[in-house]
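Please examine the sequence and the structure shown below before reading on. The paragraphs that follow lead through selected features of the chain, beginning with charged side chains and ending with a nonpolar region.

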Amino acid sequence: MQVIPVNVAKAVSLSGSIGSAGLENAVAGKAGGDVKEATSFRKILEGYVQDVSAMDKNADKLVEGLARGEVTDVHQVMLAVEEANMALDLLIQVRNKLLEAYQEISRTSI
């Protein structure tokens, strides 16, 4: 049984990097033709999506183990489920902010 710890520093850096430098790099990469910057931004997002997916799978495994009687620590299962829920909520908020930023940029007249 493995529990993936919540990395608060990574979550904070996620919101910071997307909110400032990461998004600027992606926009600058698209406008200036610099594919390398846009690719790194994409990889950052993919990494966070994979982390959230791993947390969700881990929580599912623990819940299944609890149902089968293999896991007896309910506290650990609840922590894993809450971590997965919080990570998903954060990812959804990041997506919403990115969509808002995209819409704001698309409305800007040149």
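**Charged pairs and a nonpolar patch**

Arg-107 has a relative accessibility of 57% and therefore counts as exposed, since the exposed class begins over 50% relative accessible area. The model in which this value was computed is a predicted one. Arg-107 forms a salt bridge with Glu-104, and the closest N and O atoms of this pair are 3.5 Å apart. Glu-104, at 47% relative accessibility, counts as partly exposed. Because Arg-107 and Glu-104 are 3 residues apart in helix 4, about one helical turn separates them.

Salt bridges with shared partners also join Glu-64, Arg-68 and Glu-70 into one network. Within this network, Arg-68 forms a salt bridge with Glu-70, whose closest N and O atoms are 3.0 Å apart. Arg-68 and Glu-70 are both exposed.

A further charged pair is found in helix 4, where Glu-100 and Lys-97 both lie, 3 residues apart, or about one turn of the helix. Here, too, a salt bridge is formed: the closest N and O atoms of Glu-100 and Lys-97 are 4.0 Å apart. How exposed are the two partners, Glu-100 and Lys-97? Glu-100 has a relative accessibility of 45% and so counts as partly exposed, whereas Lys-97, at 54%, counts as exposed. In total, the count for this structure comes to 5 salt bridges.

The discussion now turns from charged to nonpolar side chains. Which residues make the nonpolar surface patch of about 240 Å²? The patch is made by Leu-66, Val-74 and Met-78. Val-74 has its place in helix 4, which comprises residues 74–107, and Met-78 is found in helix 4 as well. Why can Val-74 be part of a surface patch? Val-74 has a relative accessible area of 46% and is therefore partly exposed, and a patch residue requires over 30% relative accessible area. For Met-78, the relative accessibility is likewise 46%, so that Met-78 counts as partly exposed.

Met-78 also illustrates how positions separated along the chain are placed in space. Met-78 and Val-63 are 15 residues apart along the chain, and their C-alpha atoms are separated by 8.6 Å.

In summary, helix 4 holds the charged pair Glu-100 and Lys-97, and the place of Val-74, one of the residues of the nonpolar patch, is also in helix 4.

Note on methods:
Residues are numbered from 1 along each chain as its sequence is written. This is a predicted model: local features need pLDDT of at least 70, side-chain atom pairs count only at pLDDT 80 or more; totals for chains, interfaces and linings use all residues. Side-chain values use heavy atoms; hydrogens and water are left out. Patches are made of residues with over 30% relative accessible area and no salt bridge: like charges are joined within 9 Å, nonpolar side chains (Val, Leu, Ile, Met, Phe, Trp, Tyr) within 5 Å. Accessible areas come from the Shrake-Rupley method with a 1.4 Å probe; for residues, only the protein chains shown count as cover. A salt bridge is a side-chain nitrogen of Lys or Arg within 4 Å of a carboxyl oxygen of Asp or Glu. Helices (H or I, at least four residues) and strands (E, at least two) are DSSP runs, numbered from the N terminus. Buried means under 20% relative accessible area, exposed over 50%, partly exposed in between (1.4 Å probe, protein chains only).
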